[in-house]
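Subject: Structure for your review

Dear colleague,

Please find below the structure that I am handing over to you, with its sequence. A summary of what was found in it follows.

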Amino acid sequence: MDIFEEASQSSGLSVADLKKIVNLIVSRGNFSEKRISQEIHTFCTNIGMVEYYFKTTPIESIANHIESILAAEIVAINRGGNQLDVDFVSEREDSAMYLINDLHEKAIDIERRLEDKMPTYRLQSFRTSGIQLQSHFRSYFVEKPDYIEPNPAPGEKDIYKVAAKQFLNSTTEEAKERYQRVLEESCGSDKIYIEKGFVRNEVRIMASIPSSGRHRFLSGISDIIDYYDLVSIHKYVEPFSNGRIIISIYLEAEKTQPYLDDVMTDISLIYINPENELSPLIRQKKLSLHEAFYAAGAWKFTHQFLNSFSTEYLALTSVLKDRPDLLDILTTLRTRLVKDAFTENRILQTINRHPEEIRKLYRSFEAKFDPDQSKPMDEEILKFDNLPHEIDRDILVYFQRFNDSILKTNFYMTEKESLAFRLDAGKFLDAIEYKETPFGVFMVLGKDFRGFHVRFRDIARGGIRIVKSRDPENYDQNSDFIFDENYNLANTQQKKNKDIPEGGSKGTILLNMESQEKAEIAFQQYVDGLLDLLLPNEQVKDYFGQEEILFLGPDEGTAELMRWASHHAKKRGYRFWKSFSTGKPVAEGGIPHDVYGMTTNSVHEYVLGILEKLKIDEKDITKVQTGGPDGDLGSNEIFISKDKTLCIIDGSGVLYDPQGINRDELTRLAKKRVMVEQFEKSKLSAKGFFVHVNDRDIDLPDGSHVESGIDFRNNFHLDAKFSADLFVPCGGRPKSINIQNWKKLLDENGAPRFKFIVEGANLFITQQARIALEEKGVIVIKDASANKGGVTSSSLEVLASLALNDEEYQNWMCVVDGKTPKFREDYVNDVLKKIRNNSRMEFEILWKERNISTKAAISNISDQLSNKINQVTDAIHSSELCKNEKLVKKILEHHCPSALVQMIGIDKIMERVPKNYIRAILSSWIASNFIYKYGLAADEINFYNFLEELAR
């Protein structure tokens, strides 16, 4: 067989085509026919080009490629080297071919090009055997998939429906079975699925990911392979029309075996965040992928928590304790200076300067948390005194504190969507700045976000909030203080939750600046990270050692995601999946706050209480509110109130009418859940107006000029026109009214512009500003008291999901085809009654305590009341009272909605509800009702009498 016949047999090209290639190259006059014929034989038989290349590449292009290799050989010989410089690119709309030297830098460039230009295409890549001058080439063949079923049914896993025709036509039966199995294992999950196998002298790693996670994933795997000085022999990217992508990588088994487990873990890590600020350190081999991702976690932790309180600062706070305005400035200045000293960029500099120290810190982390490691780290290695810069030393010492503070992490789990850490708050939160230590803190990091979850009791619940940023400056501010916002929200929730079994908790998810539209996937990855640490897993070393129960609720940006959370918890095998999230759709048995006005019912009960005490008819008062008819509190405030509303500020702008805004038109907007920009302007009086956030240079009816609509909206709550008897904040950012701007709520004579403020929105007014306003005679009901109706509703939603079995829950709590079960109607009505009753009980004791001590601010009394109830709750929780079954049953009758007690009875409730939750019910109910009855001065004798009354 001559060289042309052998080349024809290997390539599939005819001998005539091969001779045509020879003639094309000969006609250019650069090489002899003999030399060209030899090169064609090598190219077709030894270089490892696949049949697909010869079938799809034009004869003229093949001739160009072969001539380029011939030229590259001459250049290499003249240079005295043994490496050919080859770089062939052939791109079409539906396919591409690349042939390059097998150098990592070149391969990464090609793979990134493909990830950007052809992210959903099929890919086959091969490493050639060494040919002339000992060169290795790498080829890439890319083509657009032609799917059997481009739009399969949701959840479809049949490979003969979701695969590309090219795959089915060219793949062996054994490979099809393997891909079918991987699809079945991974479909329906947003996680990465990884498995390994051995084929002759090769090891095969298969990774299945959702198509949403493909960007920079293949090139990230190549970085991992290169870090361990390994090479891939061939690799394949196979997309499927059901949204999964399977990547198969083949490596030399002998060389790979010592690193195989690390490579598998690295691939799971790179899926979480394939390209980040630490990637250059991996490519430069200064840090391994494990070390870099560890550093990323320590970096975010340190930026958030590294703090310092000098003796000078503490002395100044003591001197200024009676000047809250100056103390606020001092605290803000100190915090700003600390954040400016330990910026994210400055911490990143430390990581880049001292990778050897990061390696030591990682080994300490690894020894503690790698399930395959048991050898303790020598603490002497973790000294940083020899480093020249103090800031570097402080940062690295705090990295060590990160290690010490972790109780468990999913870092070494093979399948994960985010990095999650359960932290011991007592190890790192400064007691000066964070006066109450949370029971538990979670930190969760993903490609598009960073998040926290804070809870103040073992059994706790609270909403999960998505935090977006309008611009880079706002993002920097949010990233500096995201934990502080989370802590303060959870702390407020702790005070608010005094009536219910669950303590206070809150979660926040800060979206990266470039990921503002990825709230849903960020939420899903955040929740999955939490579940990784709630569920037992042999890949997680647990230094906490107790089962943890979390209950999540809706908050800004997550109301529509609660259904997904409970279903995902069920899929993951979490036994409390029905109660894992509240605020689910009614079809899922949820009790959405906005549908029933749960939060507004408690807010309004305080308004009614104030008006009754002062003998004022609600119809005779004027009101202003932030938060419009598109929101929960804003819309329900419109439905439930009977006042004359003068102004509403929402996301669209400012609606104002000194004659009173047309109530029918407001109701129309509230029913449609739209913003005030849709208000019919003809229904405003002559002095009324609407200023949109997009407006520029407009004049108001009174002649005043507005330059910027958005600035006008952001500051109108401080404007003199924003004045009424009652102010109800139903929306707005935390600290909108603070010690620095509260005086703008006074008129030119120093008199308050409001008589009453009932704070529906969380943290809208700072505590110092509340107290200052109360000193001016304003009656202020703070958020932790006013808006607790939502948490009461959510708690009783949790109770229903714990007390009812799956069948009962489906039949009695779920609205099916628009039909509401009678039990559900009764249960929701019972919930509303309890919300109003709890709010009225608290209002009465607040009013009573205020009259006892005329100088006391209601805002302070509210905190004292919450603290007192929580202290009594904790004391009862650890007492013998919880063993008194007769008392427990009595309390359950009082606490549980009567519809539930009548339907299944107390015995079944005690049997089904977790014991620690029943203990929490007993503790919180006794404590809150006892203090509401006897007040802050309640003593042991009062408690004895209270229990005696219960026993009767």
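Among contacts in the protein between residues at least 6 apart in sequence, 69% join residues at least 24 apart. Please bear in mind throughout that this is a predicted model.

Overall composition

The protein has 952 residues, of which 59% are buried. Its secondary structure comes to 38 helices and 24 strands. Taken along the principal axes, the box filled by the C-alpha atoms is roughly 110 × 70 × 70 Å.

The sheet from S19 to S24

One sheet deserves a fuller description. It is an open sheet of 7 strands with mixed pairing, in the order S19-S18-S17-S16-S22-S23-S24. S19 and strand S24 (779-781) stand at the edges; each has a single partner strand, so one side of each is left without a neighbour in the sheet. On average, and with direction ignored, neighbouring strands of this sheet are turned by 10° against each other.

Helix H25 (residues 598-613) packs on the sheet, where it touches strand S22 (726-729), strand S23 (756-758) and S24. The direction of H25 makes about 155° with that of S23.

At the S19 edge, strand S18 (residues 653-656) runs antiparallel to S19 and is joined to it by 4 bridges. Within this pairing, tyrosine 656 has phenylalanine 689 of S19 as its bridge partner, and leucine 655 stands opposite phenylalanine 690 in S19.

In a regular strand the side chains alternate between the two faces of the sheet. Which residues of S19 cover its two faces? Phe689 and Val691 lie on one side and Phe690 and His692 on the other, and all of them are buried. S19 therefore lacks a neighbour strand on one side, while both of its faces are covered.

Enclosed cavities

Rolling a probe the size of a water molecule over the atoms shows where empty space is left. The structure holds 4 cavities of 30 Å³ or more.

The largest cavity has a volume of about 170 Å³. It is lined by 17 residues, and the closest to its centre are Glu115, Pro119, Arg214, Leu218 and Val237. Two or more lining residues come from each of helix H6 (104-117), strand S3 (122-127), helix H10 (217-227) and strand S8 (244-252). H6 gives the most, with 3 residues. By class, the lining of the largest cavity has 12 nonpolar, 1 polar and 4 charged residues.

The second largest cavity holds about 90 Å³ of space. Of the 10 residues that line it, Thr56, Thr57, Ser95, Ala96 and Met97 are the closest to its centre. Helix H4 (51-56), strand S2 (95-101) and strand S4 (137-143) each supply at least two residues of this lining, and S2 gives the most, with 3 residues. The lining of the second largest cavity divides into 5 nonpolar, 4 polar and 1 charged.

The second largest pocket

About 840 Å³ of space lies in the second largest pocket. Its lining is made of 37 residues, and those closest to the centre are Glu277, Lys300, Arg450, Tyr475 and Asn512. The elements that give two or more residues to this lining are helix H14, helix H16 (324-341), helix H17 (344-353), strand S11 (440-446), strand S12 (449-455) and helix H20 (472-496). By class, the lining of the second largest pocket has 10 nonpolar, 12 polar and 15 charged residues.

Two residues with positive phi

Most residues other than glycine have a negative phi, and most peptide bonds are trans. Two residues should be noted in this connection.

Lysine 285, which is not a glycine, has a positive phi of about 60°. Lysine 285 is found in the loop between helix H13 (279-283) and helix H14 (289-305). Its relative accessibility is 30%, so lysine 285 counts as partly exposed.

Arginine 673 also has a positive phi, near 55°. Its place is in the loop between helix H27 (663-672) and strand S19 (689-692). Because its relative accessibility is 31%, arginine 673 counts as partly exposed.

With kind regards

Technical notes: Residues numbered from 1 in each chain as written. Predicted model: local features only at pLDDT ≥ 70, side-chain atom pairs only at ≥ 80, totals over all residues. Heavy atoms only, no water. 1 Å grid on protein atoms, 1.4 Å probe; cavity = no way out; pocket = protein on both sides within 12 Å on 5 of 7 lines; lining within 4 Å. Points joined across faces, edges and corners; volume = space filled by probe spheres on them. Nonpolar A, V, L, I, M, F, W, Y, C, P; charged D, E, K, R; others polar. Buried < 20%, exposed > 50% of the residue type's maximum accessible area, 1.4 Å probe, protein only. Pairing = 2+ DSSP bridges. Axes fitted to C-alpha atoms, helices over the stretch in contact; angles between N-to-C directions. Contact = heavy atoms within 4.5 Å.
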